[in-house]
Amino acid sequence: MIFRISRPACFSFFVALACIAWGSSVLAMPVEVHNRIATPVSTNKIADKKVALTLDACSGKFDAELLDFLIRKRIPATIFVTKKWLDKNPQGVAIIKANLDLFDVEDHGEKHIPAIIGPGRKVYGLTGEPDIAGLQREVTEGAKAITSAMGTTPQWYRGASAKYDPQAMDEIKRMGYKIAGFSLNADQGATLRKQAIINQFKRLQAGDVIIAHMNKPASDSAEGLAVALAETLKQGFVFVRLDQVELQRVDMQKLQTARRSLASSN
């Protein structure tokens, strides 16, 4: 039996297929994960002023000035390292390993490949993974390199570019890792100048997860962070590592609105 489909019906059918495909591509768009510290209701003023400093070591060099400052001031930090960075920076590795009471070392991947799935897909000019197997290798080999270099087992993962598509997020979680987002971008990938970094910290609130970089010593990151972090300590904020807290997802747009409201009232 042969079914004949009218032209209008045929047109509607293909429009529906196109809409489904379009909807799927929208769902698959990479997104930033935004987190803050999940702080329980407490009358403890110290607990209520916790913030977390996270530093990415993507590739390149290590910022000895920044590490030295953190060690001198006893500021805890969570450092996300790639295997590429570990392999290229034995001196930096040695400094971190000697201060594991201060630094928590977590997984930033093997080769700094974004957690987006599909041939040819890019974010910020970085090519993602062709398939799930590639993502699995990126996460697993990064973790193995940390265990080999530091003797610790990472629990958190932050992908290159800090953007993820839903498929990648699901797989990372299935592999047993927690995804580390942020709520305050301190140096915009080590591109901001000193004063701009200091200005970013004027928006800091209790519970924030700060992202900055420690792999570009020629940038202003160390100098800007040193001033901003010292002022943060004076204001009574307490720094914690991600292995000491739980994080919760936040709506960044609502958070930014709240920051602007707080700034205008001060």
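**Figure 1. Strands β3 and β4 lie side by side.** Strand β3 (residues 50-57) and β4 run parallel, and 4 bridges join them. Everything shown here and in the later figures comes from a predicted model. Look for aspartate 56, which stands opposite phenylalanine 80 in β4. Then follow the chain through β3, helix α2 (residues 64-73) and β4: together they make a right-handed β-α-β unit.

**Figure 2. Strand β4 is covered on both faces.** In a regular strand, side chains alternate between the two faces of the sheet. Which residues of β4 sit on each side? Ala77, Ile79 and Val81 are on one side, Thr78 and Phe80 are on the other, and all are buried. That gives 5 buried residues of 5 for strand β4, which spans residues 77-81. β4 also has strand β5 (residues 103-107) as a parallel partner, joined to β4 by 5 bridges. One pair to find in this view is valine 81 and its bridge partner in β5, aspartate 107.

**Figure 3. A salt bridge joins arginine 158 to aspartate 56.** Here we return to aspartate 56, the residue that stands opposite phenylalanine 80. Aspartate 56 forms a salt bridge with arginine 158, and their closest N and O atoms are 2.8 Å apart. The pair links distant parts of the chain: aspartate 56 is in strand β3, while arginine 158 is in the loop between β8 (156-157) and β9 (163-164), 102 residues apart. Are these two charged partners buried or exposed? Arginine 158 has a relative accessible area of 0%, so it is buried. Aspartate 56, at 3% relative accessibility, counts as buried too. A search of the whole structure finds 13 salt bridges, and the next figure shows two others.

**Figure 4. Two salt bridges involve helix α2 and the loop after it.** Aspartate 68 forms a salt bridge with arginine 72, with 2.9 Å between the closest N and O atoms. Why are the two separated by about one helical turn? They are 4 residues apart in helix α2. An α-helix has 3.6 residues a turn, so residues three or four places apart point the same way. Aspartate 68 is partly exposed, with a relative accessible area of 39%, whereas arginine 72 counts as exposed at 54%. Also in this view, arginine 74 forms a salt bridge with aspartate 101, their closest N and O atoms being 2.8 Å apart. This pair links distant parts of the chain: arginine 74 is in the loop between α2 and β4, and aspartate 101 is in the loop between α4 (90-97) and β5, 27 residues apart. Arginine 74 counts as partly exposed, at 41% relative accessibility.

**Figure 5. Helix α8 has its buried residues on one side.** Ser221, Ala222, Gly224, Leu225, Ala228, Leu229 and Thr232 are buried in α8. They cover an arc of only 155 degrees around the axis, which puts them on the same side of α8. The elements that cover these buried residues include β3, α2, α7 (194-201), β12 (209-213) and β13 (238-240). You can also check the helix length: at 1.5 Å a residue, the 14 residues of α8 (residues 221-234) should span 20 Å, and the end C-alpha atoms are indeed 20 Å apart. After α8 comes glycine 236, with a positive phi near 90 degrees.

**Figure 6. Helix α6 has a buried face and an exposed one.** Helix α6 covers residues 166-174, and its buried residues are Ala168, Met169, Glu171 and Ile172. Seen down the axis, they fall within an arc of 165 degrees, so they line one face of the helix. Turned away from that buried side is the face carrying the exposed residues Asp170 and Arg174. Among the elements covering the buried residues are β1 (31-32), α5 (132-150) and β14 (247-249). α6 is followed by glycine 176, whose phi is positive, near 100 degrees.

**Figure 7. Tyrosine 124 and alanine 190 have positive phi values.** Tyrosine 124 is not a glycine, yet its phi is positive, near 55 degrees. Tyrosine 124 lies in the loop between β6 (122-123) and β7 (126-127) and is exposed, with a relative accessible area of 57%. Alanine 190 has a positive phi of about 65 degrees. Its place is in the loop between β11 (184-185) and α7. With a relative accessible area of 10%, alanine 190 is buried.

Notes: Residues numbered from 1 in each chain as written. Predicted model: local features only at pLDDT ≥ 70, side-chain atom pairs only at ≥ 80, totals over all residues. Heavy atoms only, no water. Buried < 20%, exposed > 50% of the residue type's maximum accessible area, 1.4 Å probe, protein only. Pairing = 2+ DSSP bridges. Right-handed = clockwise from strand over helix to strand, strands pointing away. Expected span 1.5 Å × (residues − 1). Arc of directions from axis to C-beta. Contact = heavy atoms within 4.5 Å. Salt bridge = Lys/Arg side-chain N within 4 Å of Asp/Glu carboxyl O.
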